[in-house]
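Visitor: I am new to this structure and would like to learn how to read it. Could you walk me through a few features?

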Amino acid sequence: MTTDERTEPTTTAGEREMLTGFLDYHRETLLMKCAGLSDAQLRTPSVTPSTLTLMGLVRHLADVERWWFRMVTAGEEIEALYYSDEDPDGDFRATEATTWEATLADWRAEVEAAREVTAARGLDDVGVRTSRKGEPFSLRWVLTHMIEEYARHNGHADLLREAIDGVTGE
């Protein structure tokens, strides 16, 4: 794994900068966990029967970025990248044909789109889509949820990376 070049979130920022800072920190953490590995290693599950892989996590988080920022918050009428009703776990699935280059490009495009959606809204602004109960999601809620989503999956990434080559770190 390469040296830790993540940007530490500031300890005194306002709410918006704090939330986006922590989200970016966790985004960078995920990439750090994948750094220096081959496509085959990024497609390696930690232990059977699990099929979870680092590349699958990045694919999943690209779809999560798309869902919460573009589809829920901005109301874009677009399809998911990797999953579907027919294949609800398609985002986690990385086949021999799945490349890091394409996966990373998709993830980066979704992160950039998420940043644009975030920049155009206030924290109290609500998205177009609502919860199953009809409750709206504020941008503040989405950012907080995304921090939680990345933090949880970065824990998975720690275990996956350690199983691949023994590398550990925060």
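**Reading the helices**

Guide: Let us start with threonine 118, which sits in helix H4 (residues 100-119); helices here are DSSP runs of H or I with at least four residues, strands are E runs of at least two, and both are numbered from the N terminus. This is a predicted model, where local features need pLDDT of at least 70 and side-chain atom pairs count only at pLDDT 80 or more, while totals for chains, interfaces and linings use all residues. Residues are numbered from 1 along each chain as its sequence is written, and side-chain values use heavy atoms, leaving out hydrogens and water.

Visitor: Is threonine 118 buried or exposed?

Guide: Buried means under 20% relative accessible area, exposed over 50%, and partly exposed in between (1.4 Å probe, protein chains only). Threonine 118 has 6% relative accessibility, so it counts as buried.

Visitor: Which residues is threonine 118 in contact with, leaving aside its neighbours within four places in sequence?

Guide: Contact means heavy atoms within 4.5 Å. With those neighbours set aside, threonine 118 touches Arg16, Thr20, Phe69, Leu139 and Leu143. In addition, a polar atom of its side chain lies 2.9 Å from the backbone oxygen of alanine 114.

Visitor: How do H3 and H4 pack?

Guide: Axes are lines fitted to C-alpha atoms, for helices over the stretch in contact, and angles run from 0 to 180 degrees between N-to-C directions. The axes of H3 and H4 are 9 Å apart, at an angle of about 25°. H3 is therefore roughly parallel to H4 (under 35 degrees; over 145 is roughly antiparallel, 65 to 115 roughly perpendicular and the rest oblique). The residues of this contact comprise 11 nonpolar, 3 polar and 6 charged (nonpolar: Ala, Val, Leu, Ile, Met, Phe, Trp, Tyr, Cys and Pro; charged: Asp, Glu, Lys and Arg; polar: the others, Gly among them).

Visitor: What can leucine 61 show me about H3?

Guide: Leucine 61 belongs to helix H3 (residues 54-73), and at 0% relative accessibility this leucine is buried. Its C-alpha atom is 9.4 Å from that of valine 111, although the two are 50 residues apart along the chain. Beyond its neighbours within four places in sequence, leucine 61 has contacts that include Leu30, Trp107 and Tyr150.

Visitor: Where is arginine 27, and is it buried or exposed?

Guide: Arginine 27 is in helix H1 and is buried, with a relative accessible area of 4%. Outside its neighbours within four places in sequence, its contacts include Glu65, Trp107 and Tyr150.

Note on methods
Polar contact = N/O pair within 3.5 Å; in protein donor to acceptor, adjacent residues only side chain to side chain.
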